[in-house]
Amino acid sequence: MEYQALYRKHRPQRFDQMVGQEHVTQTLTREVVEGRIAHAYLFAGPRGTGKTTTARLLAKALNCPNRGDGAEPCNTCVSCVAITEGNSLDVIELDAASHNKVEDVREIRINVGTVAAAGGAKRIYILDEAHMLSRAAGNALLKTLEEPPDHVVFVLATTEPYKLLDTIRSRSQRFDFQPVATDVLVDHLTSVSAAEGIEATADALGVIAAHANGSVRDALSMLEQVAAFGDGVVGPETVGRTLGLADREAYGTLVGAIADGDAPTALGLVAELAGRGADLRRFAAEAVEYFRGIFLAQYAPNLDEIVDVSADTVAEWRRLADTISRPAVLRAVDVLGDALLQLRQGREERLVVELALLRVTRPETATDTAALAARLDRLETRVQSGTWRRGADGASAEAPVVTETVDQGAPQPTISAATPVAIPPPAFADGAGAETETAAAAPAEPTTASDGDLDLAQVEAVWPNLVARVREDAGPVRHSLLKVAVPQSVAKRTITVALPADQPFYYQRLSQDTDLTATVADIASTLLGVGVTVSWTTSDRPQRGPGDAETMPGHGELVDSSEGAIDASAIVADLLGGEVVSD
């Protein structure tokens with residue numbers, strides 16, 4: 001006999017052989033026994049869950065002359081054998097994907113009146129992928145579907161019932177086929193393996209069942225493929241090599257890398273998987289599902305009731321949920337989900353996965369809100385654990401204390417390193433995140449221990465370099481605040497920096513950002529070789545230092561229309577290389 005695929009060879013021939021759809025088979029058998037057969041059925045559910053098989057079983061049960069008191073067909077009579085072999089004249093199977101026009105429906109309406117081959121038998125029309133019917137074809141089928149002849153039964157099978165016309169759904173008795181549970185699928189694979197002489201371990205069948213996503217047909221196809229590769233032996237390693245799957249430890253390694261911000265480990269994991277020939281697209285998809293489990297473990301105490309995985313997997317999710325922050329898990333799901341969309345568009349698999357893992361392990365490489373939240377959460381964790389500041393030798397460094405000095409009647413914070421105190425993490429008004437590890441560093445020890453006083457000329461000489469260093473250490477947003485700042489005076493190793501009085505925004509931001517003040521003092525101490533502090537003040541006309549960026553015009557200069565005022569339109573036109581055109 002010609003070889004048959006396992007999913008065809010082991011297709012159920014009785015209602016009690018159906019896998020995982022008891023709510024459907026029990027209802028149908030009761031309707032058959034009691035003679036309450038509907039004129040139209042709608043079987044909806046994922047692929048490989050038994051929709052077409054159940055339709056054929058229903059046709060067998062309706063036309064089997066040897067059915068007896070129950071609804072199970074005998075599978076030996078002429079009608080049952082013909083339906084099993086697919087050549088019954090009373091069972092017409094149509095693919096709606098290729099018969100979706102009005103002309104095809106018109107042919108169905110003409111053939112509906114044909115009498116069944118055997119006296120008293122039913123004629124069953126099985127319309128597979130019914131959602132592919134065009135709107136015109138669906139409307140043409142409505143009348144026949146609602147009032148067919150007594151000997152005709154329609155069965156519509158679809159994976160996407162929401163695409164069907166509401167009028168079609170309302171005329172049919174609907175049955176929803178559910179994905180088969182993993183443990184049920186493992187039992188079925190075990191029985192098939194025993195029948196086929198396949199040596200399969202429980203762990204290997206569990207992996208196959210988990211990746212089948214509730215589809216019996218997919219599970220049997222994978223079992224057949226792995227058995228052929230392993231010469232009749234199915235083990236976890238064989239399953240991984242055949243299907244291109246990452247081993248279970250890979251996902252735990254990924255979680256640890258994200259929790260520790262360890263980008264080299266994450267990128268090394270991708271290289272290892274690619275070297276073993278693993279499917280990186282499937283790895284990304286499985287990683288999303290894995291992080292979903294960790295997310296549920298963090299928020300759902302009844303995790304066992306809402307997931308369909310083994311007890312070992314649930315225990316592993318709960319253990320890892322305590323090692324990684326919640327924002328990091330949510331961000332991993334989002335970033336890996338976006339990576340999957342790019343992979344489906346045909347992008348370079350390894351590059352896309354590497355970039356995704358780099359973003360989730362190093363949030364500072366991204367500028368989205370979720371990345372900022374992950375960075376702040378990591379910062380809060382460091383503060384709570386007492387590792388807010390670290391010196392060069394690994395010991396906790398002294399944090400500066402904020403003191404108040406009064407200049408021109410306004411309180412202005414000044415940083416002093418005299419007394420070590422703990423300060424809370426800074427809060428940014430506009431959500432612009434800076435490099436927390438660098439900005440949080442304590443002022444470095446001066447390279448030259450000099451007791452002499454500094455002069456303004458020394459500060460002005462290093463100021464351009466200091467401003468450039470702020471961009472590297474504190475980010476572009478904070479760097480932009482210093483473009484209008486000019487050293488004004490130096491007294492007792494305290495550098496007073498002047499800001500334009502007509503632009504109060506700069507003074508407000510800088511005087512409130514104690515962390516940036518500490519960073520500026522740290523960089524200045526390093527460049528000057530002497531420990532210094534920094535204070536901020538305002539000036540009507542601060543003198544520009546060497547290398548400073550051009551100061552933006554004040555609000556009053558832009559709105560003043562008097563002679564000599566700055567023309568805002570001219571500035572914009574000059575910056576954009578255009579001209580002003582009046583209507």
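## A first look at strand 1 and its surroundings

Strand 1 (residues 40-44) is mostly covered, as five of its five residues are buried. Here, buried means under 20% relative accessible area, exposed over 50%, and partly exposed in between (1.4 Å probe, protein chains only). Strands (E, at least two residues) and helices (H or I, at least four) are DSSP runs, numbered from the N terminus.

A word on the model before going on. It is a predicted one, in which local features need pLDDT of at least 70 and side-chain atom pairs count only at pLDDT 80 or more, while totals for chains, interfaces and linings use all residues. Residues are numbered from 1 along each chain as its sequence is written, and side-chain values use heavy atoms, with hydrogens and water left out.

Back to strand 1: A40, L42 and A44 point one way from it, Y41 and F43 point the other way, and all are buried. Strand 1 also has partners, where two strands pair if DSSP finds at least two bridges between them. The table lists two of these pairings, together with one that involves strand 11.

| Pair | Sense | Bridges | Residues standing opposite |
|---|---|---|---|
| Strand 1 and strand 4 (residues 152-158) | parallel | five bridges | A40 and F154 |
| Strand 1 and strand 5 (residues 173-176) | parallel | four bridges | L42 and R174 |
| Strand 11 (residues 494-500) and strand 12 | parallel | seven bridges | T496 and S535 |

The last row belongs to an open sheet of three strands in the order 10-11-12, with mixed pairing. Strand 10 (486-491) and strand 12 (533-539) stand at the edges with a single partner strand each, so one side of each is left without a neighbour in the sheet. On average, neighbouring strands of this sheet are turned by 30° against each other, direction ignored.

Next comes helix 24 (residues 514-528). Its 15 residues should span 21 Å at 1.5 Å a residue, and its end C-alpha atoms are indeed 21 Å apart, which agrees. The expected span of a helix is 1.5 Å times one less than its number of residues. Twelve of the 15 residues of helix 24 are buried, so this helix is largely enclosed by the rest of the structure. Among them are L516, V520, I523 and L528. Just after helix 24, G529 takes a positive phi of about 75°.

Two threonines give further reference points. T25 sits in helix 2 (residues 22-34) and is buried, with a relative accessible area of 7%. T25 and F175 are 150 residues apart in sequence, yet 9.9 Å apart in space, C-alpha to C-alpha. T265 sits in helix 13 (residues 263-275) and counts as partly exposed at 32% relative accessibility. T265 and T253 are twelve residues apart in sequence and 8.1 Å apart in space, C-alpha to C-alpha.

Finally, there is the largest pocket. A pocket is an open set of points on a 1 Å grid over the protein atoms alone, where a 1.4 Å probe fits, with protein on both sides within 12 Å along at least five of seven lines; lining residues have an atom within 4 Å of a point. About 1,700 Å³ of space lies in the largest pocket, its volume being the space filled by probe spheres set on the points. The lining has 47 residues, of which G206, V207, A210, H211 and E286 lie nearest the centre of the pocket. Helix 9 gives the largest share of this lining, seven residues.

Definitions and conventions
Axes are lines fitted to C-alpha atoms, for helices over the stretch in contact, and angles run from 0 to 180 degrees between N-to-C directions.
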